[in-house]
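I sat down with this one today and kept notes as I went. Here is what I looked up, in the order I looked.

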Amino acid sequence: MKKIYKILILIVVIICIFNIKSLAKSEVSLSVNSKNINIGDELTLNINTNNIKAAACTIWLYFDNQIIEYSDNINNVNVVDNRIIYTWVSETGTNIDLSELLQIKMKAKKEGSTSVAIIGEIYDEKGNKLDLQYKQLEIIVGGKNKESDINTEKNSNVSSENVDLDILRLSEEGINPNFNPNITEYYMIVNKNVESIDVTAIPKNNNAKVQITGNNNLKKGANKITIKITSKDNSKNKEYIINVTKTNDINSANANLETLAVENFTLSPEYEENITNYNTEVSKDTQELNVLAIPNNMNAKVEIKGNKNLQYGKNRITVTVTAQNGVTQKKYLIDVYKRNEAEEIENDKKQNEIIENAEQVVEKMSDSSNEISQDSIQYNEETQEKEKEIIDLLSIIGCILSIMILGITIIRIIKNKKNKHNPG
């Protein structure tokens with residue numbers, strides 16, 4: 001009986017060990033030859049894995065391109081702004097050991113600190129995506145040699161209460177609008193086969209906590225992924241929302257606008273489908289704005305709120321588009337600033353100054369044009385006099401030549417007559 005218990009205990013231990021190992025994710029880590037360098041120095045970044053075997057991968061490396069820059073020449077590497085994109089495929093199509101995945105040379109440009117973050121997609125020979133953890137590190141340019149100083153320097157320009165995201169990446173394409181730390185609501189459509197979306201969310205303050213919910217077990221129709229950033233002391237938090245529609249009927253889920261405009265006023269920036277936040281400024285007498293919002297799919301519905309009874313200062317107009325499927329929604333925000341009496345006077349003053357400056361420019365151009373015209377007239381008169389003198393001179397020369405030719409002709413005639421009267 002004791003032997004049976006011992007065997008059972010051994011089996012339980014083995015199962016526990018197996019489960020613990022299976023729960024532990026493999027890592028893709030970053031290392032550098034020196035975390036503290038000076039301007040102009042070159043550093044080497046190493047991307048390593050803990051004995052991962054794979055057949056293909058795409059790696060994204062994010063960094064502050066004001067502090068360091070890519071200075072290498074590697075095949076299959078593209079550099080776009082603040083990220084390096086590396087792609088690799090096994091020539092044989094079989095798994096290969098990726099313990100030393102990539103080595104990249106960078107160069108220090110400016111004093112400061114940068115967080116170097118890595119994310120990626122790595123697949124085995126069967127096309128299965130490997131579930132991995134990705135690490136990041138800090139690099140100081142012109143800093144001290146203490147590890148504790150690195151985190152201090154990294155956050156020296158970031159408030160302890162900062163809860164903004166620095167990097168947001170999804171395993172599925174099509175997020176709209178493009179990521180901006182100040183924009184908190186996003187939209188995307190995925191097909192019905194997508195069960196989950198991997199979300200990489202890196203905060204500006206590396207002491208902030210990140211919580212991601214709603215990205216697994218996606219259901220048909222509307223889904224909401226929430227990314228909550230909380231400061232270390234829990235005093236501040238911020239939520240980023242990704243509205244995901246799971247469907248195969250993309251047209252019925254189309255909640256984009258074809259046109260967005262405000263009558264008599266200009267939107268900044270100009271309307272584009274992948275931009276959802278706009279600004280405009282109106283006069284003190286503006287009470288209501290006529291907003292033109294035409295959807296791509298004419299069966300979609302558009303609702304406009306906040307365009308009436310405008311108050312002095314900040315106002316927000318919300319244009320909500322509900323797609324034909326009745327589920328997918330997308331919001332366009334127009335922040336409207338209404339000037340007060342004092343601001344209106346100041347604005348009128350600036351406008352008058354602009355008009356006066358424009359009139360002065362036109363006047364100067366007109367004066368310059370008149371001067372040019374007078375110079376042209378004087379030039380033409382002088383030219384005409386010179387041309388007349390030349391013509392007169394040519395006329396005189398012509399007369400002289402004519403007289404000379406006539407004289408020579410007469411002399412020849414006289415000589416011919418004499419020769420005839422005196423032959424031999």
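**Entry 1: Leu45 and its neighbours.** I began at Leu45 and listed its contacts, leaving out residues up to four places away in sequence. Leu45 touches Ser31, Val32, Leu61, Leu102, Gln103, Ile104, Met106, Val116, Leu137 and Ile139. A reminder to myself: this is a predicted model.

**Entry 2: the core around it.** Which residues have the most contacts inside the largest nonpolar core? I found Leu45 again, together with Ile47, Ile104, Met106 and Val116, in a core of 34 residues. Next I checked which elements give two or more residues to this core: they are strands E1 (26–32), E3, E5 (56–62), E6, E8 (83–89), E10, E11 and E13 (136–141). Strand E10 gives the most, with five residues.

**Entry 3: strand E10 and its partners.** With E10 giving the most to the core, I looked at how this strand pairs. Strand E3, residues 42–49, runs antiparallel to E10, residues 100–108, and seven bridges join the two. One pair I noted there is Leu43, whose bridge partner in E10 is Met106. Strand E6, residues 68–70, is also antiparallel to E10, with three bridges. Here I picked out Ile68, which has Ala108 as its bridge partner in E10.

**Entry 4: Ile119.** Is Ile119 buried or exposed? Its relative accessibility is 5%, so I put Ile119 down as buried, the cut-off being under 20%. The residue sits in strand E11, which covers residues 112–123. I also took its distance to Tyr62: the two are 57 residues apart along the chain, and their C-alpha atoms are separated by 8.4 Å.

**Entry 5: a four-stranded sheet.** Further along the chain I traced an open sheet of four strands, in the order E21-E25-E24-E23, with mixed pairing. Its edge strands are E21 (277–282) and E23 (301–305), each pairing on one side only. Neighbouring strands in this sheet are turned by 20° against each other on average, direction ignored. Inside the sheet, E24 (residues 313–322) and E25 (residues 329–338) are antiparallel and share ten bridges. On that pairing I marked Thr320, which stands opposite Lys331 in E25.

**Entry 6: salt bridges.** How many salt bridges are there? I counted ten, and I followed up a few of them.

- Lys238 and Asp164 have their closest N and O atoms 2.6 Å apart. Lys238 is in strand E19 (residues 237–246) and Asp164 is in the loop between helix H2 (147–154) and strand E14 (165–170), so this pair ties together parts 74 residues apart in sequence. I checked burial too, and both Lys238 and Asp164 are buried.
- Glu173 and Arg169 meet at 3.9 Å, N to O. Glu173 counts as exposed at 61% relative accessibility, whereas Arg169 is buried at 15%.
- Glu281 and Arg339 meet at 3.0 Å, N to O. Glu281 belongs to strand E21, and Arg339 to the loop between E25 and helix H3 (341–421), so the pair ties together parts 58 residues apart in sequence. Glu281 is partly exposed at 41% relative accessibility, and Arg339 is buried at 11%.

**Entry 7: one network.** Last, I asked which residues are joined with Glu281 and Arg339 through salt bridges that share partners. I found Glu344, which makes one network of Glu281, Arg339 and Glu344.

Technical notes
Residues are numbered from 1 along each chain as its sequence is written. This is a predicted model: local features need pLDDT of at least 70, side-chain atom pairs count only at pLDDT 80 or more; totals for chains, interfaces and linings use all residues. Side-chain values use heavy atoms; hydrogens and water are left out. Buried means under 20% relative accessible area, exposed over 50%, partly exposed in between (1.4 Å probe, protein chains only). Two strands pair if DSSP finds at least two bridges between them. A nonpolar core is a set of buried Ala, Val, Leu, Ile, Met, Phe, Trp, Tyr and Cys residues joined through side-chain atoms within 4.5 Å. Contact means heavy atoms within 4.5 Å. Axes are lines fitted to C-alpha atoms, for helices over the stretch in contact, and angles run from 0 to 180 degrees between N-to-C directions. A salt bridge is a side-chain nitrogen of Lys or Arg within 4 Å of a carboxyl oxygen of Asp or Glu.
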